[in-house]
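Here are two short exercises to work through with the model open beside you. Try each one before you read its solution.

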Amino acid sequence: MRFRHRAAAGLATLLLPFAGLVGLASPTQAAADSAGATATYAKTQDWGTGFEGKWTVKNTGTTSLSSWTVEWDFPSGTSVTSAWDADVTSSGTHWTARNKSWNGTLAPGASVSFGFNGAGSGSPANCKLNGGSCDGGSTPGDAAPSAPGTPTASAVTDTSVKLTWSAATDDKGVKNYDVLRDGAKVATVTTTSYTDTGLTAGTDYSYTVQARDTADQTGPAGGAVAVRTTGGTTEPPTGDKVKLGYFTEWGVYGRNYHVKNLVTSGSASKITHINYAFGNVKNGQCTVDDTYAAYDKAYTADQSVSGTADTWDQPLRGNFNQLRQLKAKYPNIKVLYSFGGWTYSGGFAQAAANPAAFAKSCKAVVEDPRWADVFDGIDIDWEYPNACGLTCDTSGAAAFKNLMGALRSEFGSNYLVTAAITADGSSGGKIDAADYGGASQYVDWYNVMTYDYFGAFNAQGPTAPHSPLTSYAGIPQAGFNSADAIAKLKSKGVASKKLLLGIGFYGRGWTGVTQAAPGGTATGAAPGTYEAGIEDYKVLKNSCPTTGTIAGTAYAYCGNNWWSYDTPATIAGKMSWAKNQGLGGAFFWEFSGDTSNGELVSAINGGLS
């Protein structure tokens with residue numbers, strides 16, 4: 001049977017050594033280009049162990065800017081871990097960012113931004129733009145303002161809140177403050193207080209403040225304060241997180257895993273959604289893959305959810321009928337038909353050539369009269385738009401957005417429309433290859449595949465957890481972790497509530513390993529029941545118990561085999577992180593990897609409740 005595996009997220013644009021950069025402007029030319037240009041900095045995300053920063057270069061002069069170079073100093077302990085839309089290098093604590101080949105020219109009045117993920121908590125100082133001052137003058141070294149204090153909320157009503165904060169400092173003086181609500185500027189004031197009005201009763205908001213100096217440089221945002229307006233519901237809604245699991249069509253064969261197992265394991269009472277995987281994509285259209293498993297296989301009374309045996313002449317049997325029975329028993333569960341996956345993603349290139357026709361074909365499958373009541377939506381698992389997976393796609397950066405827009409238009413607002421997407425948080429990686437931000441307006445949520453970052457597809461190692469929550473010293477590839485992926489998607493404009501954190505109910509492992517700690521060499525893939533290098537959690541928990549954790553994920557060393565996988569304990573930690581990030585919930589691949597009593601599903605449910 002096919003196992004839906006992903007290869008590592010792909011080659012990324014790494015931080016290049018200074019000596020490797022060519023074609024840059026000479027110091028004399030750079031200084032000449034700096035007049036009439038500014039560079040401003042803002043901290044756009046902060047998750048405690050790291051942050052996301054953004055620089056904006058603006059041409060305030062009257063002639064075009066041919067290139068730009070931004071330099072700054074970070075205090076010791078603060079560093080850039082990955083960057084996008086610029087080539088970022090360092091020498092000690094001094095950092096330099098140079099334009100890409102496609103974003104160096106700025107017409108008068110134009111601006112461009114580049115971003116990065118950072119470790120530590122320091123703020124940039126001694127900013128230079130093309131050798132001159134970042135405020136557009138000729139004197140290098142003018143620093144941006146410091147972060148103001150975290151706002152204090154008072155006088156909270158159904159529709160308003162008063163915010164006060166301590167002043168920022170700056171060598172040239174603070175001119176004003178921007179007040180940000182949920183990351184968007186709502187006011188600019190010259191004092192250290194502001195009353196925000198026109199709010200919605202019983203609603204959660206988050207406020208931060210950043211300062212601007214007399215040179216119009218914007219400093220980093222201070223800490224955030226959470227505010228809930230009065231009125232509306234008396235308490236925030238509970239139990240609103242998505243808890244979604246993939247059910248594989250082919251699991252009814254060798255794995256002997258059926259819809260009824262969701263009931264006997266107790267998992268059905270702890271989930272909100274099921275993705276039925278996978279429908280195929282052929283000739284640019286959606287189609288049922290294995291028709292026997294989907295709607296023809298007969299179940300006996302003891303095998304079925306309802307306890308009633310299928311008859312030879314009933315109009316619907318197979319998995320679809322069992323899902324119908326499951327929904328009758330658990331009316332809260334919604335089922336989505338997922339199309340694509342690793343094996344079938346090659347069909348999306350043709351689908352992208354005519355998105356409207358593709359969407360129409362998908363709705364015809366989902367609304368087939370034989371099972372129209374079974375499905376509540378559609379999920380697209382394209383691995384990967386405008387990038388390489390099983391094959392390499394060249395549909396263009398807009399293809400994914402166009403496809404999701406066509407699906408939303410065809411299915412309307414009464415169906416769920418979702419997508420499983422890459423979790424490559426590296427600079428220039430797969431998230432940068434397609435317009436996931438633009439497409440997010442059409443989806444109810446994204447299943448961010450925050451697993452399979454590392455594995456025995458790199459046969460010699462180094463050993464590394466396949467689903468690290470955060471970066472860590474020695475990680476083989478910058479940006480290959482959940483925190484960087486989620487932060488990057490947020491920076492693209494994807495709302496937190498539209499992001500689900502992915503959990504693998506399996507491990508990835510190597511053999512020929514001689515050290516227990518991550519980072520060891522290997523000789524190949526460890527033996528697995530269905531595929532070398534992969535094994536279910538229900539097997540690994542007994543055959544190779546965990547010996548340590550790193551980056552929020554467990555690892556195990558037994559004999560000369562090295563495995564990484566999630567456990568109930570690490571899942572609890574990941575769910576806590578997901579809640580703190582304001583994510584919409586979590587999803588997992590896939591049910592049959594769990595124990596017979598649903599240990600991992602219980603951990604997800606408990607962590608999100």
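The expected span of a helix is 1.5 Å times one less than its number of residues. Keep in mind that this is a predicted model.

**Exercise 1.** Work out how helix H13 (residues 568-580) sits among its neighbours, starting from its span.

*Solution.*

Step 1: Check the span. H13 has 13 residues, and from its first C-alpha to its last it reaches 18 Å, close to the expected 18 Å.

Step 2: Pick out the buried residues, meaning those under 20% relative accessible area. In H13 these are Thr570, Ile571, Lys574, Met575, Trp577 and Ala578.

Step 3: Ask why they end up on the same side of H13. They cover an arc of only 160 degrees around the axis, so they share one side. As a rule, an α-helix has 3.6 residues a turn, so residues three or four places apart point the same way.

Step 4: Turn to the opposite face. Facing away from the buried side, you'll find the exposed residues Ala569 and Asn580.

Step 5: See what the buried residues pack against. Their partners include helix H11 (482-491), strand S24 (499-504) and helix H14 (599-608).

Step 6: Look just past the helix. Gly582 takes a positive phi of about 75 degrees there.

**Exercise 2.** Find which residues touch the most other members of the largest nonpolar core.

*Solution.*

Step 1: This core holds 104 residues, and the ones you want are Ile274, Phe358, Ile380, Phe400, Leu407 and Tyr446.

Step 2: Find the top contributor. Helix H8 (residues 399-411) gives the most, with seven residues.

Step 3: Zoom in on Leu407. Leaving out residues up to four places away in sequence, Leu407 touches Phe358, Ala359, Cys362, Ile378, Ile380, Gly412 and Val417.

Note on methods: Residues are numbered from 1 along each chain as its sequence is written. This is a predicted model: local features need pLDDT of at least 70, side-chain atom pairs count only at pLDDT 80 or more; totals for chains, interfaces and linings use all residues. Side-chain values use heavy atoms; hydrogens and water are left out. A nonpolar core is a set of buried Ala, Val, Leu, Ile, Met, Phe, Trp, Tyr and Cys residues joined through side-chain atoms within 4.5 Å. Buried means under 20% relative accessible area, exposed over 50%, partly exposed in between (1.4 Å probe, protein chains only). Helices (H or I, at least four residues) and strands (E, at least two) are DSSP runs, numbered from the N terminus. Contact means heavy atoms within 4.5 Å. The arc is that of the directions from the helix axis to the C-beta atoms.
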